[in-house]
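Reader: Please take one part of this model and look at it closely, setting it within the whole chain as you go.

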Amino acid sequence: MSIIIEFCTNNSYFGTDKVLSTLEDRFDCQVVEYGCLTSCGQCYLMPFAYVDGDWVEAPTAEELLEVIVLKLESFQDDEEKS
């Protein structure tokens, strides 16, 4: 699987840095942290990331991890069906 997950460094005060390391340990994906993802404003509202180009967000970093894991698992399921 060559899924790319992108995080914004400015969003890390929500705890997304822990999400980042958890994903790297659990999944075969590329996790990239950028200084800015040009989503200013959103960065200060809640944790978010781009998963294979799709925007995902959640009220907390823990919930963001759950959303991303579900998305990655759905990609794996689709891959297995092919």
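**A close look at helix α1**

Author: The protein has three helices and four strands, where helices (H or I, at least four residues) and strands (E, at least two) are DSSP runs numbered from the N terminus, and from that terminus on the elements run β-α-β-α-β-β-α. This is a predicted model, in which local features need pLDDT of at least 70, side-chain atom pairs count only at pLDDT 80 or more, and totals for chains, interfaces and linings use all residues. Residues are numbered from 1 along each chain as its sequence is written, and side-chain values use heavy atoms, with hydrogens and water left out.

Helix α1 comprises residues 16-26, and its buried residues are T16, V19, L20 and L23; buried means under 20% relative accessible area, exposed over 50%, and partly exposed in between, with a 1.4 Å probe and protein chains only. These buried residues cover an arc of only 100° around the axis, which puts them on the same side of α1, the arc being that of the directions from the helix axis to the C-beta atoms. An α-helix has 3.6 residues a turn, so residues three or four places apart point the same way. On the other side of α1, K18 and D25 are exposed.

As for the whole protein, 39% of its 82 residues count as buried. Among contacts (heavy atoms within 4.5 Å) between residues at least 6 apart in sequence, 62% join residues at least 24 apart. Along its principal axes, the C-alpha trace spans about 40 × 20 × 20 Å.
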